[in-house]
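Dear colleague,

I am handing over the structure below, together with an account of what was found in it. Please read the notes with the coordinates open beside them.

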Amino acid sequence: MAKLENLDKIVNLSKTRGFVFQGSEIYGGMGNTWDYGPIGVELKNNIKKAWWKRFVQESDNSFGVDAAILMNSRVWEASGHTASFSDPKMDCKNCKTRHRADNLIEEYNKKHDIEMPVDSMSKEEMYNYIVEHQIKCPNCGKCDFTEIKNFNLMFSTKRGVTDDNQDVIYLRPETAQGEFVNFLNVQRTTRAKVPFGIAQIGKAFRNEITPGNFIFRTIEFEQMEHQFFCKPEDSEKFYNEYKQKAWDFAVSVGLNPEHIRFKDHDKLAHYAKAACDIQYLFPMGWSELNGIHNRSTWDLSRHQEFSGKSMQYLDPITNEKYIPNVVEYSIGCDRLVLAVLCEAYDEETLEDGETRIVMHFAPHIAPYKVAILPLQKNLSEKAKEIYKQIQKRFMATYDDAGSIGKRYRRQDEIGTPYCVTIDFDTLENGTVTVRDRDTMKQDTIKIEELANYLQQKLDA
Ligand code: ATP
């Protein structure tokens, strides 16, 4: 991993190589929306697949759902989002830019090495702190702000075909509620016994006051969330288990354990028993990657209260009836993609003095697993034949443009772990050369052994 001063190199590589583009770019863009390009969508899908494999496929007692983005508005009353899903916003009176008061204080404290919990401060305390420390507007450098107000982050829209029949509905600000409202359905149809989990991957929307840092904080993003339902007295054990699982998953997609850390929440929601984040050392400093929360029986109790449906679970062995406790693990997929991009990015000086940019993605999440490169154009017939075979088993790409060195560099920049060169030996001896992205070492392999060779490498 090369030391990155900021996100510029990642943003630039993303644009030039096709990981992520500015949303609606040809119209001048739409602030803080991003489109995944051909390489980025593969990377993101592979991360989602790896998450699903670990938290659904390889978990004996977890089940997936894909709930609607638009939900009955009562859901957001029950969850507390209508009343209190807000951030403390204030405007700079001088340049009229909008800021999150807590973020300005956090940035200031980071710069001045001040350890102080910001999330337990009231609006008045934040305002006084900003004035006392003369914290400046990052845009114009003045310290002249309006009072702090709560700003609800939910995007609302209206449904109904006529003006007088309109209901306000919301784009979901988190996927979690889709799992809670389906607790009974999943339990009934799978005959799952508590403890069990429900997982979901899907879009969420937040009208963030200060989105930014590329895909770190956006107004539309994807979450991967897992709610684990257990007996209240077992919740601490499962909370610790999910902390470990979340950590192991982050490492499994290539994050260096030295670049992640647990951070307990300074202030707990009134219903929570415990909460922590895993932070990643992004170029802009340690920042939240995911959260793990022991949420007590709050979520199901609230849905019981607001829907009138019993959320009690009847233990078939003890006949005990209780509302299960929830342990939540929630991670932003886009934020994880950004961490993976930062971690994988490297600039290496080669023996011949040239430098190469290389993305050291873990092979299972690399966009392409293999590139097929004919040494010369007149080898393309054989090369295409091999490409056709290989692409049945692996996400593969084909490149016959430019010198072989240039083609290797292109594949390094998008993190393709293996390049297969088709040369004259391929026609004569039926062999190909496989180059390893990281070591740049080459192996000669028989064509008929190529697929199994690659599979073994990728599985390792
Ligand atoms: P933050 O403190 O960064 O605003 P949060 O604590 O509000 O995040 P949660 O509500 O716990 O976040 O959401 C779970 C996860 O969803 C976060 O850990 C993060 O990875 C992701 N996430 C939340 N908001 C955004 C956003 N605006 N853009 C991208 N990812 C987000």
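A polar contact is taken here as a pair of N or O atoms within 3.5 Å. Please bear in mind throughout that this is a predicted model. With that cut-off in hand, the ligand is a good place to begin: a backbone N or O atom of Thr218 lies 2.8 Å from a nitrogen atom of the ligand, a backbone N or O atom of Leu289 lies 2.8 Å from one of the ligand's oxygen atoms, and a polar side-chain atom of Arg217 is placed 2.7 Å from a ligand oxygen. Taken alone, the ligand would expose 590 Å², and the protein buries 84% of that area.

Around the ligand there are 15 residues, of which Glu208, Arg217, Thr218, Glu288 and Leu289 come nearest. By character, the residues of this shell divide into four nonpolar, six polar and five charged. Which elements give two or more residues to the shell around the ligand? They are strand E10 (220-230), strand E13 (285-294) and strand E16 (325-332), and E13 gives the most, with four residues.

Strand E16 also holds Glu328, a residue that deserves a separate look. Is Glu328 buried or exposed? Glu328 counts as buried, because its relative accessibility is 6% and the limit for burial is under 20%. Its side chain is joined to that of Gln227 by a polar contact of 3.0 Å. Leaving aside neighbours within four places in sequence, Glu328 is in contact with Ala176, Phe180, Glu225, His226, Gln227, Gly291, Ile292, His293 and Arg295.

Turning to the nonpolar interior, the largest core has 58 residues, and those with the most contacts inside it are Leu336 and Phe361. Helix H11 (residues 333-344) supplies the largest share of this core, nine residues. Phe361 touches, among residues beyond four places away in sequence, Phe19, Leu43, Val340, Leu341, Ala344, Ala366, Pro367, Ile414, Gly415 and Arg437. There is also a second, separate core of 21 residues, which includes Ala383, Ile386, Ala396 and Val432.

A further region to inspect is helix H5 (residues 101-111), in which Ala101, Asp102, Asn103, Leu104, Ile105, Tyr108 and Asn109 are buried. The cover over these buried residues of H5 includes strand E4 (86-91), strand E5 (98-100) and helix H6 (123-132). Just after H5, Asp113 takes a positive phi of about 55°.

As for the protein as a whole, it has 15 helices and 23 strands, and its C-alpha trace spans about 75 × 65 × 50 Å along the principal axes. Of the 460 residues in the protein, 51% are buried. The accessible surface comes to about 22600 Å², with 47% of it belonging to carbon and sulfur atoms. Finally, among contacts between residues at least 6 apart in sequence, 65% join residues at least 24 apart.

With best wishes

Technical notes: Residues numbered from 1 in each chain as written. Predicted model: local features only at pLDDT ≥ 70, side-chain atom pairs only at ≥ 80, totals over all residues. Heavy atoms only, no water. Near = heavy atom within 4 Å. Polar contact = N/O pair within 3.5 Å; in protein donor to acceptor, adjacent residues only side chain to side chain. Areas by Shrake-Rupley, 256 points an atom, 1.4 Å probe, with all protein chains shown as cover. Nonpolar A, V, L, I, M, F, W, Y, C, P; charged D, E, K, R; others polar. Buried < 20%, exposed > 50% of the residue type's maximum accessible area, 1.4 Å probe, protein only. Contact = heavy atoms within 4.5 Å. Core = buried A, V, L, I, M, F, W, Y, C linked by side-chain atoms within 4.5 Å.
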